[in-house]
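Subject: Structure handover

Hello,

I am passing this structure on to you, with notes on what turned up when I went through it. Please look at the model first and then read on.

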Amino acid sequence: MKAKPIPESIKDYFRYENGKLIRVKKTQANCKLGEVGYPCSRGYLTIGFQGKKYFVHRVIWLIAKGEQPPSQLDHINNNITDNRIENLREATHTENMRNTRLRKDSKSGVKGVFWLEKRKRWVAKINHNKKCVFLGNFKELADATQAVKEARQKLHEEFANNG
(Lines give C-alpha, C1' and ligand atoms only; values in the text may rest on other atoms or scores of the structure.)
Protein backbone atom coordinates (compact mmCIF):
# COMPACT_ATOMS: atom_id res chain seq x y z
CA MET A 1 0.00 0.00 0.00
CA LYS A 2 1.47 3.31 -1.07
CA ALA A 3 1.24 6.14 1.44
CA LYS A 4 -0.15 9.44 0.25
CA PRO A 5 2.47 12.16 -0.21
CA ILE A 6 2.48 15.01 2.29
CA PRO A 7 2.34 18.52 0.80
CA GLU A 8 5.68 20.33 1.11
CA SER A 9 3.78 23.45 2.20
CA ILE A 10 3.08 21.74 5.54
CA LYS A 11 6.59 22.83 6.59
CA ASP A 12 5.36 26.45 6.64
CA TYR A 13 2.74 25.62 9.29
CA PHE A 14 4.47 23.14 11.59
CA ARG A 15 7.88 22.55 13.13
CA TYR A 16 9.39 19.52 14.80
CA GLU A 17 10.60 19.76 18.38
CA ASN A 18 11.80 16.73 20.38
CA GLY A 19 9.19 14.27 19.18
CA LYS A 20 6.38 16.81 19.03
CA LEU A 21 4.74 18.55 16.11
CA ILE A 22 4.18 22.24 16.84
CA ARG A 23 1.76 24.41 14.86
CA VAL A 24 3.48 27.75 14.23
CA LYS A 25 1.00 29.24 11.76
CA LYS A 26 -2.78 28.94 11.70
CA THR A 27 -4.27 26.85 8.92
CA GLN A 28 -7.81 28.00 9.82
CA ALA A 29 -9.23 30.78 11.95
CA ASN A 30 -10.40 28.41 14.69
CA CYS A 31 -7.19 26.37 15.10
CA LYS A 32 -4.73 26.94 17.94
CA LEU A 33 -0.98 27.37 17.83
CA GLY A 34 1.24 24.95 19.78
CA GLU A 35 1.59 21.20 20.10
CA VAL A 36 -0.78 19.16 17.93
CA GLY A 37 -1.77 15.56 17.37
CA TYR A 38 -4.92 13.60 18.14
CA PRO A 39 -5.06 9.81 18.46
CA CYS A 40 -6.87 7.94 15.71
CA SER A 41 -8.67 4.64 16.29
CA ARG A 42 -5.38 2.70 16.03
CA GLY A 43 -3.63 4.99 18.53
CA TYR A 44 -1.34 6.85 16.12
CA LEU A 45 -1.31 10.63 16.45
CA THR A 46 -2.84 12.47 13.48
CA ILE A 47 -3.31 16.03 12.29
CA GLY A 48 -5.58 17.65 9.73
CA PHE A 49 -4.09 19.79 6.98
CA GLN A 50 -5.86 21.15 3.91
CA GLY A 51 -8.82 18.86 4.44
CA LYS A 52 -6.80 15.65 4.78
CA LYS A 53 -5.47 13.67 7.73
CA TYR A 54 -1.81 12.79 8.15
CA PHE A 55 0.04 10.72 10.71
CA VAL A 56 2.21 12.93 12.92
CA HIS A 57 5.22 10.60 12.68
CA ARG A 58 5.17 10.85 8.87
CA VAL A 59 4.97 14.67 8.98
CA ILE A 60 7.86 14.72 11.47
CA TRP A 61 9.93 12.58 9.08
CA LEU A 62 9.26 15.05 6.25
CA ILE A 63 10.18 18.07 8.38
CA ALA A 64 13.23 16.52 10.11
CA LYS A 65 14.70 14.67 7.11
CA GLY A 66 13.55 17.02 4.35
CA GLU A 67 12.17 14.15 2.27
CA GLN A 68 8.88 12.32 1.86
CA PRO A 69 8.67 9.45 4.33
CA PRO A 70 9.03 5.92 2.97
CA SER A 71 5.88 3.84 2.67
CA GLN A 72 6.61 2.11 6.00
CA LEU A 73 8.01 3.73 9.15
CA ASP A 74 8.75 1.71 12.27
CA HIS A 75 8.61 3.02 15.86
CA ILE A 76 11.74 1.35 17.23
CA ASN A 77 10.57 1.21 20.86
CA ASN A 78 6.98 0.16 19.89
CA ASN A 79 5.49 3.28 21.47
CA ILE A 80 3.41 4.67 18.61
CA THR A 81 3.06 8.04 20.33
CA ASP A 82 6.85 8.44 20.73
CA ASN A 83 7.57 10.35 17.52
CA ARG A 84 11.15 11.42 18.19
CA ILE A 85 13.05 11.20 14.92
CA GLU A 86 15.62 8.88 16.54
CA ASN A 87 12.76 6.46 17.34
CA LEU A 88 11.64 6.28 13.70
CA ARG A 89 13.26 4.17 11.01
CA GLU A 90 12.50 3.05 7.51
CA ALA A 91 11.27 -0.53 7.35
CA THR A 92 9.71 -2.98 4.99
CA HIS A 93 6.31 -4.37 5.94
CA THR A 94 7.98 -7.61 7.04
CA GLU A 95 10.53 -5.78 9.21
CA ASN A 96 7.78 -3.69 10.74
CA MET A 97 5.84 -6.86 11.62
CA ARG A 98 8.92 -8.39 13.25
CA ASN A 99 9.08 -5.45 15.63
CA THR A 100 5.68 -6.03 17.21
CA ARG A 101 4.71 -6.28 20.85
CA LEU A 102 3.58 -9.31 22.78
CA ARG A 103 -0.10 -10.01 22.21
CA LYS A 104 -2.36 -9.11 25.12
CA ASP A 105 -3.92 -12.59 25.11
CA SER A 106 -0.58 -14.42 25.43
CA LYS A 107 -0.73 -17.16 28.06
CA SER A 108 3.03 -17.70 28.19
CA GLY A 109 4.04 -14.05 28.38
CA VAL A 110 6.55 -14.74 25.59
CA LYS A 111 6.17 -13.98 21.88
CA GLY A 112 6.16 -17.19 19.86
CA VAL A 113 5.62 -19.55 22.80
CA PHE A 114 2.32 -21.27 23.61
CA TRP A 115 1.13 -24.16 25.75
CA LEU A 116 0.00 -27.29 23.93
CA GLU A 117 -2.37 -28.95 26.41
CA LYS A 118 -2.57 -32.23 24.46
CA ARG A 119 1.16 -32.86 24.86
CA LYS A 120 1.68 -30.90 28.06
CA ARG A 121 4.53 -29.00 26.43
CA TRP A 122 5.53 -25.46 25.53
CA VAL A 123 5.77 -24.97 21.75
CA ALA A 124 8.21 -22.43 20.32
CA LYS A 125 7.93 -20.98 16.83
CA ILE A 126 8.56 -17.74 14.96
CA ASN A 127 7.67 -16.40 11.54
CA HIS A 128 10.44 -15.71 9.06
CA ASN A 129 10.16 -14.88 5.35
CA LYS A 130 6.42 -15.62 5.37
CA LYS A 131 6.98 -19.08 6.83
CA CYS A 132 6.42 -20.50 10.27
CA VAL A 133 9.69 -21.80 11.72
CA PHE A 134 9.04 -24.52 14.31
CA LEU A 135 11.72 -24.44 17.01
CA GLY A 136 10.56 -27.38 19.08
CA ASN A 137 8.47 -28.27 22.07
CA PHE A 138 9.79 -28.07 25.58
CA LYS A 139 8.91 -29.23 29.09
CA GLU A 140 10.11 -25.94 30.57
CA LEU A 141 8.92 -22.46 29.63
CA ALA A 142 12.46 -21.12 30.12
CA ASP A 143 13.83 -23.47 27.44
CA ALA A 144 11.13 -22.47 24.93
CA THR A 145 11.74 -18.80 25.75
CA GLN A 146 15.46 -19.16 25.13
CA ALA A 147 14.85 -20.93 21.81
CA VAL A 148 12.59 -18.19 20.41
CA LYS A 149 14.84 -15.37 21.64
CA GLU A 150 17.94 -16.89 20.04
CA ALA A 151 16.15 -17.63 16.76
CA ARG A 152 14.59 -14.17 16.63
CA GLN A 153 17.94 -12.49 17.25
CA LYS A 154 19.58 -14.55 14.52
CA LEU A 155 16.81 -14.27 11.91
CA HIS A 156 15.26 -10.86 12.62
CA GLU A 157 18.51 -9.04 13.48
CA GLU A 158 17.98 -5.32 14.25
CA PHE A 159 14.18 -5.73 14.08
CA ALA A 160 14.14 -8.54 16.66
CA ASN A 161 11.61 -7.79 19.38
CA ASN A 162 10.96 -10.25 22.14
CA GLY A 163 7.90 -8.40 23.35
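Before the hairpin below, one definition: two strands count as paired if DSSP finds at least two bridges between them. Please also keep in mind that this is a predicted model.

The hairpin

β5 and β6 form a hairpin with two residues between them. Gln 50 sits in that turn and has a positive phi of about 50 degrees. The two strands, β5 and β6 (residues 52–55), run antiparallel and are joined by four bridges. Two of the facing positions can be named: Ile 47 has Tyr 54 in β6 as its bridge partner, and Phe 49 stands opposite Lys 52 in β6.

The hairpin belongs to an open sheet of three strands, ordered β4-β5-β6, with antiparallel pairing. Its edge strands are β4 and β6, each of which pairs on one side only. Helix α1, residues 56–65, lies across β5 and β6 and runs at about 75 degrees to β6.

The other three-stranded sheet

An open sheet with antiparallel pairing is also formed by three strands in the order β1-β2-β3. Here the edges are β1 (14–17) and β3 (34–36), and each pairs on one side only. On average, neighbouring strands of this sheet are turned by 45 degrees against each other, direction ignored. β1 and β2 (residues 20–23) run antiparallel, with four bridges between them. In this pair, Phe 14 stands opposite Arg 23 in β2.

The chain as a whole

The chain contains three helices and 11 strands. Along the sequence they follow the pattern β-β-β-β-β-β-α-β-β-α-β-β-β-α.

What is the radius of gyration of the chain, and what would a compact globule of 163 residues have? The chain has 20 Å, whereas the compact globule would have a value near 15 Å. The spans of the C-alpha trace along its principal axes are about 65 × 25 × 25 Å.

Of the 163 residues in the chain, 37% are buried. The accessible surface comes to about 10500 Å², and carbon and sulfur atoms account for 49% of that. Taking contacts between residues at least 6 apart in sequence, 41% join residues at least 24 apart.

Tyr 44

Tyr 44 is in the loop between β4 (38–39) and β5 (45–49). Is Tyr 44 buried or partly exposed? Its relative accessible area is 21%, and buried means under 20%, so Tyr 44 counts as partly exposed.

Leaving aside neighbours within four places in sequence, Tyr 44 is in contact with Tyr 38, Pro 39, Phe 55, His 57, His 75 and Ile 80. Tyr 44 and Asn 79 are 35 residues apart in sequence, and the distance between their C-alpha atoms is 9.4 Å.

Two asparagines with positive phi

Asn 78 lies in the loop between β7 (73–75) and β8 (88–90). The phi of Asn 78 is near 70 degrees, a positive value in a residue other than glycine. With a relative accessible area of 14%, Asn 78 falls under the 20% limit and is therefore buried.

Asn 129 is placed in the loop between β10 (121–128) and β11 (131–138). Its phi is near 50 degrees, again positive in a residue other than glycine. Asn 129 has a relative accessible area of 51%, and the limit for exposed is over 50%, so Asn 129 is exposed.

Cysteines

A disulfide is a covalent bond between the sulfur atoms of two cysteines. How many disulfides does the chain have when the rule is a pair of cysteine sulfur atoms within 2.5 Å? The count by this rule comes to zero.

As for accessibility, Cys 40 has a relative accessible area of 26% and is partly exposed. Cys 132, at 47%, also counts as partly exposed. Both values lie between the 20% limit for buried and the 50% limit for exposed, which is why the two cysteines get this label.

Regards

Technical notes. Residues numbered from 1 in each chain as written. Predicted model: local features only at pLDDT ≥ 70, side-chain atom pairs only at ≥ 80, totals over all residues. Heavy atoms only, no water. Axes fitted to C-alpha atoms, helices over the stretch in contact; angles between N-to-C directions. Disulfide = S-S within 2.5 Å. Buried < 20%, exposed > 50% of the residue type's maximum accessible area, 1.4 Å probe, protein only. Rg over C-alpha atoms; globule rule 2.2 N^0.38 Å. Contact = heavy atoms within 4.5 Å. Areas by Shrake-Rupley, 256 points an atom, 1.4 Å probe, with all protein chains shown as cover.
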